[in-house]
Amino acid sequence: MKRQLHPLRALALACLCALLLAGARPVDFPDVPSGSWYAQPVTEMAAKGLISGYPSGKFGPGDSITAAQFVAVTARCAGLRPAPGQTG
């Protein structure tokens, strides 16, 4: 069974990582309202390649993420890259 991260915790991660960002060109997701409290961190993190949405172009702000996804995003925020043979 995969462990899931609560959506608010995932968005909190987005806010924390946003502190590391500066001058990113925003990426727009149709399901991330521009006035929402998480819009700026989400779009900036996407512009920096730290997170990505679904192939449909949506982000899924209400979706849960797995522990593995949480670790992957945290590693990207810390500037770590996958070792040869690993996926990000």
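Right after helix 3, glycine 79 adopts a positive phi of about 85 degrees. Just past helix 2, glycine 49 has a positive phi too, of about 80 degrees. Helices here are DSSP runs of H or I with at least four residues, numbered from the N terminus.

A word on the source: this is a predicted model, where local features need pLDDT of at least 70, side-chain atom pairs count only at pLDDT 80 or more, and totals for chains, interfaces and linings use all residues. Residues are numbered from 1 along each chain as its sequence is written, and side-chain values use heavy atoms, leaving out hydrogens and water.

Here are the two helices with their buried residues (under 20% relative accessible area, 1.4 Å probe, protein chains only; exposed is over 50%, partly exposed in between).

| Helix | Buried residues |
|---|---|
| Helix 2 | Ala39, Pro41, Val42, Thr43, Glu44, Met45, Ala46 |
| Helix 3 | Ala72, Val73, Cys77 |

The three from helix 3 span an arc of only 135 degrees around the axis (taken from the directions from the helix axis to the C-beta atoms), so they sit on the same side of helix 3. The face turned away from that buried side carries exposed Ala68 and Val71. Helix 2 (residues 39–47) is mostly covered, with 7 of its 9 residues buried.

Now for the largest nonpolar core, meaning buried Ala, Val, Leu, Ile, Met, Phe, Trp, Tyr and Cys residues joined through side-chain atoms within 4.5 Å. This core has 12 residues, including Phe29, Val32, Leu50 and Phe59. Helix 2 and helix 3 (67–77) are the elements giving two or more residues to this core, and helix 2 supplies the largest share, 4 residues. Valine 32 contacts (heavy atoms within 4.5 Å) Tyr38, Ala39, Val42 and Phe59, not counting residues up to four places away in sequence.
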